[in-house]
Amino acid sequence: MSRPPHGPRHLGRSGVTVPPLGLGCAPLGNLYRAVPEARARAVVRTALATGAHYFDTAPHYGVGLSEERLGRALRGLDRADYVLSTKVGRRLRPLAPGERPAGEGFVATPARARVRDLTRAGIRATLEASLTRLGVAAVDVVYLHDVEHHLREVYETGYPALAELRAEGTVRAIGFGMNHSGVLARLVADLDVDVVLCAGRWTLLEQTAATDLLPVCARRGTSVVVGGVYNSGLLADPTPGAPYDYAPAPPAVLARARRLAAVCAAFDVPLKAAALRFPFGHPAVAAAVVGAASPDEAAENAALSRHPVPAGLWRALVARGLLDPDLPLPADA
């Protein structure tokens, strides 16, 4: 039987520990649909109650709305009772007169705009604004966010600015967050980071990180936090029109997801439970952060993360050509 991951896990050599399941806070910023304030607060409190006390947010999520709502939901709680990560690389500014907001998937957001800024001053200003929105004196982890097309700035100013923040004790752990595992692998190989947040590339459906990112993380002692375990929603509900990488899933990808679901059903395992368990087959993986737009979703994610998964399920997926036999699987973890 594949055992659920349990207990806190260290992020590299930083001293920061996280639970296996964390809450991805993009939905709190009204990703695709508006979430009422009271429901957003209930999502955070449900995550805390179920042990998912690692919260990952970003200025990008609802142009600051996610950070503001997360901060309000956590207000009054002991800061030692939860772990916070946010991101830099996009600085926020007020909208100019007559300027229309760029939603980028978020709706009903504050009147702000995103500005790409990887300068030292910009990164410090971005983090300071995040701390104000969150209502805390410090966060535990800071990621450089979606910088795959800005690598020159990363090497020249972005990473040195993060490393300086870590050296002076302003933050405890630093890293990168994106959905390009090959770029993450290059950055981990070249730079001293504690953790990376890799979205959608080490999942039950797609394992490109197995050949580029995960080996270098294991060699360098860099932890991996996995995002996008449901591949934008396809593994949550593999029906026609389901999203994959933030667009409708191509027919071949949808068919593969449905085959995965059929094998899981034969073992009486929900597809989402298998998707949540799969990433932990690799020892570099410290946690998975999963979004929730309602307290019921947050509670369901916690329950699914503990659902028993027989080792035979992984063997069956290999036998049917749905997983490569050389992959590290949870049965072997």
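Which side chains meet in a salt bridge at 2.7 Å, N to O? They are those of Arg120 and Glu164. The structure is a predicted model, so confidence comes before contacts.

## Confidence

The chain has a mean pLDDT of 96. Of its residues, 98% reach 70 or more. Strand β13 (residues 247-248) has the lowest confidence, with a mean of 90. Strand β4 (residues 54-56) has the highest, at 99.

## Salt bridges

The whole structure holds 22 salt bridges. Three of them are set out here.

| Salt bridge | Closest N to O |
|---|---|
| Arg120 and Glu164 | 2.7 Å |
| Arg152 and Glu156 | 3.0 Å |
| Arg201 and Glu206 | 2.8 Å |

Take Arg120 and Glu164, whose side chains meet at 2.7 Å. This pair links distant parts of the chain. Arg120 sits in helix α3 (residues 120-134) and Glu164 in helix α4 (residues 151-167), 44 residues apart. Arg120 is partly exposed, at 43% relative accessible area. Glu164 is also partly exposed, at 30%.

Arg152 and Glu156 form a salt bridge within one element. Both lie in helix α4. They are four residues apart, about one turn of the helix. Arg152 is exposed, with a relative accessible area of 64%.

Arg201 and Glu206 have their closest N and O atoms 2.8 Å apart. Is Arg201 buried or exposed? At 8% relative accessibility, Arg201 falls under the 20% limit, so it counts as buried. Glu206 is buried as well, at 15%. Elsewhere, salt bridges that share partners join Arg120, Arg124, Glu164 and Glu168 into one network.

## Aromatic pairs

The count of aromatic pairs is four. One of them joins Phe55 and Tyr82. Their ring centres are 6.4 Å apart and their planes stand at 75 degrees. That angle is over 60 degrees, so the pair is edge-to-face. Phe55 lies in strand β4, while Tyr82 lies in the loop between α2 (65-74) and β5 (83-88). The pair therefore ties together parts that are 27 residues apart in sequence. Phe55 is buried, at 0% relative accessible area. Tyr82 also counts as buried, at 5%.

A second pair is Trp202 and Phe278. The ring centres are 4.7 Å apart, with the planes at 45 degrees, so this pair is tilted. Trp202 is in the loop between β10 and α6 (213-220). Phe278 is in the loop between α8 (271-277) and β14. The pair ties together parts that are 76 residues apart in sequence. Both Trp202 and Phe278 are buried. Ring pairs extend this contact into a cluster of Trp202, Phe278 and Trp314.

## The largest pocket

How much space lies in the largest pocket? The volume is about 1,300 Å³. Its lining counts 46 residues. Those nearest the centre are Ala26, Pro27, Leu31, Ser232 and Tyr246. Four elements give two or more residues to the lining: β9 (173-178), β10 (195-199), β14 (285-291) and α9 (295-305). By residue class, the lining splits into 20 nonpolar, 14 polar and 12 charged.

## Backbone and loops

Most residues other than glycine have a negative phi. Two residues here go the other way. Asn231 has a positive phi of about 50 degrees, and Asp268 has one near 60 degrees. Neither is a glycine.

Asn231 is found in the loop between β11 (223-227) and β12 (243-244). Asp268 is in the loop between α7 (251-266) and α8. Which of the two settings is buried, and which exposed? Asn231 is buried, with a relative accessible area of 1%. Asp268 counts as exposed, at 65%.

His149 is another loop residue, placed between β8 (141-145) and α4. His149 is exposed, with a relative accessible area of 68%. From His149 to Val285 the separation is 136 residues in sequence. In space, the two are 25 Å apart, C-alpha to C-alpha.

Notes
Residues are numbered from 1 along each chain as its sequence is written. This is a predicted model: local features need pLDDT of at least 70, side-chain atom pairs count only at pLDDT 80 or more; totals for chains, interfaces and linings use all residues. Side-chain values use heavy atoms; hydrogens and water are left out. On a 1 Å grid over the protein atoms alone, a cavity is a set of points where a 1.4 Å probe fits but cannot get out, and a pocket is an open set with protein on both sides within 12 Å along at least five of seven lines; lining residues have an atom within 4 Å of a point. Grid points are joined across faces, edges and corners, and a volume is the space filled by probe spheres set on the points. Ala, Val, Leu, Ile, Met, Phe, Trp, Tyr, Cys and Pro count as nonpolar, Asp, Glu, Lys and Arg as charged, and the others, Gly among them, as polar. pLDDT is the predictor's confidence in each residue, from 0 to 100. Rings of Phe, Tyr and Trp (its six-membered ring) pair if their centres lie within 6.5 Å; planes under 30 degrees apart count as stacked, over 60 as edge-to-face and the rest as tilted. Buried means under 20% relative accessible area, exposed over 50%, partly exposed in between (1.4 Å probe, protein chains only). A salt bridge is a side-chain nitrogen of Lys or Arg within 4 Å of a carboxyl oxygen of Asp or Glu.
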